[in-house]
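Subject: Structure for your review

Dear colleague,

I am handing over the structure we spoke about, and I would be glad if you could look through it when you have time. My notes come after the entry itself.

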Amino acid sequence: MRANFRLQRLHVDADLSAGMMLDLNREHSNYLLNALRLKEGSELLVFNGRDGEWLCELKNIGRKKASATLTELVRTQPIQSSLMVLFAPIKVGRLEYMVQKMTEMGAGIIQPVFTDHTQLHKVNEKRLEANIVEAAEQCGVLSIPELRTPQKLLNILTQWDDERHLVFCDEGHETNNPIPTLQELASKEIAVLVGPEGGFSEKERTILNEMDHVSSIPLGPRILRADTAMVSAISIIQATIGDWN
Ligand code: SAH
């Protein structure tokens, strides 16, 4: 079921159940009362990534804090997406854009990786987490993707879980069309890897191409920027073997 875009949706930490009174934190209260100017009785949606999405009504509005009563479960908790996205961190603004887009596009696990040509060597995980939650609130994703601690690509590859097939977006691929390769992977758990602005090194490409559970795909005839490549790769995966199917 597609999400309701009329009502404000907030991600909260508390467990959620019918009839309960939810105390909203200061930041949420301030946003609802002062930025959106919602009044007592206004409706909004809340979710916590575990208990589905709930319609609730604002109550007990104080000067700085508000509560809400949960009135109805509007969407049950979906199964978490199993799609894993591995990507090399790029400049901060575009990095935040990338994690927002991955969340919108249905990533279940987000794994930053440091590759030979990665320019950024530190990632502000808290900021990325905040961007993921905000994207989920906006587009109605009820399962917050899991952000994993950044690691070196080669370390991840040496411990690769054979149950999962890695789709590696290779800007040096000789063909243009990723669909035939993807169609052969239907029914498999998928991870997709997008490289940094500097592309993959020859050493990384060789290691990837020699691994058993890895397929390389092209993304058309042009070299895409890393953020465009990531959105294109997830779209084509969702459309051929994922949840657009
Ligand atoms: N500097 C590199 C391009 C890197 S693009 C060069 O000039 O060759 C960043 C990442 O996006 C790549 O590592 C790859 O994972 C992905 N990508 C971009 N264009 C692609 C394409 N046409 N096919 C497959 N992957 C692509």
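Below I go from the protein as a whole to the ligand site and then to one helix.

Please keep in mind throughout that this is a predicted model. The protein has 245 residues, of which 49% count as buried, and its secondary structure comes to seven helices and 12 strands. The C-alpha trace spans about 60 × 35 × 30 Å along its principal axes, and the protein exposes about 12,800 Å², with carbon and sulfur atoms supplying 48% of that area. Among the contacts in the protein with a separation of 6 or more, 74% are made by residues 24 or more positions apart.

Turning to the ligand, there are 19 residues around it, and those that come nearest are Cys169, Glu197, Leu219, Arg222 and Leu224. By character, the shell divides into 11 nonpolar, four polar and four charged residues. Polar backbone atoms of the protein approach nitrogen atoms of the ligand in several places: the distance is 2.7 Å for glutamate 197, 2.9 Å for leucine 219, where the atom is a backbone N or O, and 3.5 Å for glycine 220. Taken alone, the ligand would expose 560 Å², and the protein buries 83% of this area.

The other part I looked at is helix α1, which runs over residues 26–35 and whose buried residues are His28, Ser29, Leu32 and Leu33. These four lie on the same side of α1, because they cover an arc of only 110° around the axis. On the other side of α1, by contrast, Arg26, Glu27 and Ala35 are exposed. What do the buried residues of α1 pack against? Their partners are the strands β1 (9–11), β3 (43–47) and β4 (53–59), together with the helix α3 (125–139).

Both ends of this helix have a detail that you may wish to inspect. At the start of α1, a side-chain oxygen of asparagine 25 comes to within 3.2 Å of the backbone nitrogen of glutamate 27, a residue that is itself exposed. Just after α1, arginine 37 adopts a positive phi of about 55°.

With kind regards

Definitions and conventions: Residues numbered from 1 in each chain as written. Predicted model: local features only at pLDDT ≥ 70, side-chain atom pairs only at ≥ 80, totals over all residues. Heavy atoms only, no water. Near = heavy atom within 4 Å. Polar contact = N/O pair within 3.5 Å; in protein donor to acceptor, adjacent residues only side chain to side chain. Areas by Shrake-Rupley, 256 points an atom, 1.4 Å probe, with all protein chains shown as cover. Nonpolar A, V, L, I, M, F, W, Y, C, P; charged D, E, K, R; others polar. Buried < 20%, exposed > 50% of the residue type's maximum accessible area, 1.4 Å probe, protein only. Helix = DSSP H or I, 4+ residues; strand = E, 2+ residues; numbered from the N terminus. Arc of directions from axis to C-beta. Contact = heavy atoms within 4.5 Å.
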